[in-house]
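The exercises below ask you to place single residues and then to describe open and enclosed spaces. Try each task with the structure in view before reading its solution.

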Amino acid sequence: MARALRLAERGLYTTDPNPRVGCVVVRDGTVVGEGWHERAGSPHAEVHALQQAGNAAAGATAYVTLEPCSHHGRTPPCADALIASGVSRAVVAMQDPNPLVAGQGLQALRDAGIEVADGLLEQDAGMLNPGFVMRMRRGRPWVRCKLAMSLDGRTAMASGESQWITGPAAREDVHRLRARSSAVMTGIGTVLADDPSLTARLAGHDAGTLLQPLRVVLDSDLRLPPAARLLQQPGETLVVTGLEDATREAALARPGVSVVTLPMQDGRPDPAGVLQYLARLEVNEVHLEAGATLSGAMLDAGLVDELVIYMAPHLMGDAARGLFRLPGLERMAQRIQLQVRDIRAVGDDWRITAGVVNQGEAG
């Protein structure tokens, strides 16, 4: 199963909006076939592994990181493929949270006389697809908030100057996080201050051919400049606003750019409503790169599931800007509890990955 999970990781940047899945077929202690889901609309992991196994699949054990699908989607049911192959046993890491499957795939295998076991390395399988699990179970994407700060917790000088806090290795690491995400979200303040591209750029991949995440800009009053750099990039951009202004919308009109008006809260698009809308677009993982106001609002609303903070070895002083704007926190009892999951060096900087306690689980 560990091998199947490593195979599934190969689809980290390409399977969206489908989950990342791996499969290994073993007969008499020997691997006779393996595969992973490579891209949405293409054959699933089980199909690749069974094709490689051929006749050797008969009487073998299939290890799959996610319950085989039992419904017709873009491809035929994988449960049917396993049954037709003649495997005698199936070991599944986790049940599919998709209501269209939700145990039906496992039951179909059992009904066909195949021995079924599930739950092996279930937590690892869940963390491989946190957004897909979150969307299926709670109707919203998984939100990862990325921030860069100095050792004294500052994200920009008082003037707003912030390029660059971290070094090249950390910035390259951020592009890997963007590439695995369904959407990169920011606020209009960040766009006006930094004019970012918000694309995923990876070594060995051309930005025009890499599957680019949807760029999402929360722009209450439609202040996004038509010449903004992110509007010139490959992929699609979604502008979320609370203002219906045909003239300003027309100024943004171009292929790949859409504008949607959603309900407002405290003068900005309601964060929960935005995430629900993105879930309807099959967005699994949201990579949030924003300033202290939007990041703080998302955190305060309980909508941030994971923090990825890059900490640089320098000091910026107490006049510089902080990580989050959280005006409601006044007592120690109101602290937002984090669970540090990983700390590692990335070039000259440190990357801290932390979960927000009780605000969303992948498994």
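**Exercise 1.** In this predicted model, find which loop holds Ala-57, and decide whether Ala-57 is buried or exposed.

*Solution.* Begin with the chain on either side of the residue: Ala-57 sits in the loop that runs between helix H2 (45-53) and strand E3 (61-64). Next, take the relative accessible area, which is 1% for Ala-57; because buried means under 20%, Ala-57 counts as buried. Finally, relate Ala-57 to another point of the chain: Gln-95 is 38 residues away along the chain, and 22 Å separates the two C-alpha atoms.

**Exercise 2.** Describe the setting of Glu-282, from its place in the chain to its accessibility and its separation from Ala-57.

*Solution.* First, locate the residue, which belongs to the loop between helix H10 (271-280) and strand E14 (285-288). Glu-282 follows H10 and has a positive phi, near 65°. Then consider H10 itself, whose buried residues are Pro-271, Val-274, Leu-275, Tyr-277, Leu-278 and Ala-279. Glu-282, by its relative accessible area of 38%, is partly exposed, since that class lies between the limits of 20% and 50%. As a last step, compare positions in sequence and in space: Glu-282 and Ala-57 are 225 residues apart in sequence, and their C-alpha atoms are 34 Å apart.

**Exercise 3.** Work out which residues line the largest cavity, and how they divide by class.

*Solution.* Start with the count, which is one cavity of 30 Å³ or more. The volume of the largest cavity is about 60 Å³. Its lining consists of Thr-15, Asp-16, Asn-18, Pro-19, Arg-20, Asn-129, Pro-130, Gly-131, Phe-132, Asn-284 and Glu-285. Helix H6 (residues 130-138) gives the largest share of this lining, three residues. Sorted by class, the lining of the largest cavity holds three nonpolar, five polar and three charged residues.

**Exercise 4.** Characterise the largest pocket by its volume, its lining elements and its residue classes.

*Solution.* The volume comes first, at about 1200 Å³ for the largest pocket. Of the 46 lining residues, those closest to the centre of this pocket are Ser-162, Thr-190, Asp-194, Ala-290 and Gly-291. Next, identify elements that each supply at least two lining residues, among them strand E6 (142-150), helix H7 (168-180), helix H8 (188-194) and helix H11 (292-300). By class, the lining of the largest pocket comprises 17 nonpolar, 17 polar and twelve charged residues.

**Exercise 5.** Repeat the analysis for the second largest pocket, and determine which element gives the largest share of its lining.

*Solution.* About 720 Å³ of space is found in the second largest pocket. Its lining has 22 residues, of which Met-127, Arg-144, Arg-180, Glu-306 and Arg-351 are the closest to the centre. Elements with at least two residues in this lining include helix H1 (2-8), helix H5 (122-128) and strand E18 (349-356), while the largest share, four residues, comes from H7. The class division for the second largest pocket is nine nonpolar, one polar and twelve charged.

**Exercise 6.** Name the residues that make the nonpolar surface patch of about 310 Å², and assess the accessibility of Trp-350.

*Solution.* Val-340, Ile-343 and Trp-350 make the patch. Of these, take Trp-350, which is found in strand E18. With a relative accessible area of 41%, Trp-350 is partly exposed.

Terms used. Residues are numbered from 1 along each chain as its sequence is written. This is a predicted model: local features need pLDDT of at least 70, side-chain atom pairs count only at pLDDT 80 or more; totals for chains, interfaces and linings use all residues. Side-chain values use heavy atoms; hydrogens and water are left out. On a 1 Å grid over the protein atoms alone, a cavity is a set of points where a 1.4 Å probe fits but cannot get out, and a pocket is an open set with protein on both sides within 12 Å along at least five of seven lines; lining residues have an atom within 4 Å of a point. Grid points are joined across faces, edges and corners, and a volume is the space filled by probe spheres set on the points. Ala, Val, Leu, Ile, Met, Phe, Trp, Tyr, Cys and Pro count as nonpolar, Asp, Glu, Lys and Arg as charged, and the others, Gly among them, as polar. Patches are made of residues with over 30% relative accessible area and no salt bridge: like charges are joined within 9 Å, nonpolar side chains (Val, Leu, Ile, Met, Phe, Trp, Tyr) within 5 Å. Accessible areas come from the Shrake-Rupley method with a 1.4 Å probe; for residues, only the protein chains shown count as cover. A salt bridge is a side-chain nitrogen of Lys or Arg within 4 Å of a carboxyl oxygen of Asp or Glu. Buried means under 20% relative accessible area, exposed over 50%, partly exposed in between (1.4 Å probe, protein chains only).
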